[in-house]
Amino acid sequence: MKHIFYFIGIAFIIYEMIWLLNPKDQVEKAKEMKEEGKKNKGKKWDDYTEEYKSLLKTKGLASLTFTLWMFGGLLTFNWLAFLVKIAFNFIIIAPISKLTQYSWAYTGLHWFNSLLGFAFGLFVIVNSYHLKIDLYAWFLGLF
């Protein structure tokens with residue numbers, strides 16, 4: 001089960017790498033998704049355009065998988081790292097994203113967040129299989 005969990009982590013790392021390599025394309029996809037959402041507002045699933053259905057399926061599946069992976073990480077040895085990453089995204093990234101929607105700052109912020117996500121994913125996997133650093137004990141040792 002551990003291997004499956006961290007295999008999903010590898011998919012997370014690949015997704016973050018895609019964001020790092022093509023940030024403008026990813027922002028364009030987000031804009032397109034928002035515009036399609038406005039066009040299809042109030043419609044039933046059968047009335048959605050095929051393009052929008054396809055976007056919802058791929059984005060929805062990826063988002064759900066990564067969200068479950070992040071919250072599932074709270075039940076692992078690296079729970080403190082997952083907690084910090086989740087808190088960082090909710091407390092810092094989400095509010096700033098709403099303020100800077102689709103500007104150059106938005107692209108830069110999400111590129112930086114992807115860089116952190118990439119490093120986070122690598123650290124969590126390497127820490128689980130090789131380093132075995134107890135982050136909670138380390139954190140308590142700081143005080």
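This note covers aromatic pairing, one charge over a ring, and the setting of L135 in a predicted model.

1. Aromatic pairs. The count comes to 16 aromatic pairs. One of them joins F12 and F66. Their ring centres are 5.7 Å apart, and the planes meet at 70°, which makes the pair edge-to-face. F12 belongs to helix 1 (residues 2-21) and F66 to helix 3 (residues 50-72). The pair therefore links distant parts of the chain, with the two positions 54 residues apart in the numbering. Both F12 and F66 are buried.

2. A second partner for F12. F12 also pairs with W69. This pair is tilted: 35° between the planes, 5.1 Å centre to centre. Again helix 1 is linked to helix 3, here by residues 57 apart. W69 is buried, as is F12.

3. The cluster. F12, F66 and W69 are members of one aromatic cluster. Its other members are F5, Y6, Y15, F82, F120 and Y129.

4. A charge over a ring. Y129, a member of that cluster, has a lysine above its ring: the charged end of K2 sits over it, 4.6 Å from the ring centre.

5. L135. Is L135 buried or exposed? L135 counts as buried, because its relative accessibility is 13% and the cut-off for buried is under 20%. L135 lies in helix 6 (residues 135-141). Beyond its neighbours within four places in sequence, L135 contacts N78, L80, A81, F123 and N127. L64 is elsewhere: 26 Å from L135, C-alpha to C-alpha, and 71 residues away in sequence.

Definitions and conventions
Residues numbered from 1 in each chain as written. Predicted model: local features only at pLDDT ≥ 70, side-chain atom pairs only at ≥ 80, totals over all residues. Heavy atoms only, no water. Phe/Tyr/Trp six-rings, centres within 6.5 Å; stacked < 30°, edge-to-face > 60°. Helix = DSSP H or I, 4+ residues; strand = E, 2+ residues; numbered from the N terminus. Buried < 20%, exposed > 50% of the residue type's maximum accessible area, 1.4 Å probe, protein only. Lys NZ or Arg CZ within 6 Å of the ring centre and 35° of its normal. Contact = heavy atoms within 4.5 Å.
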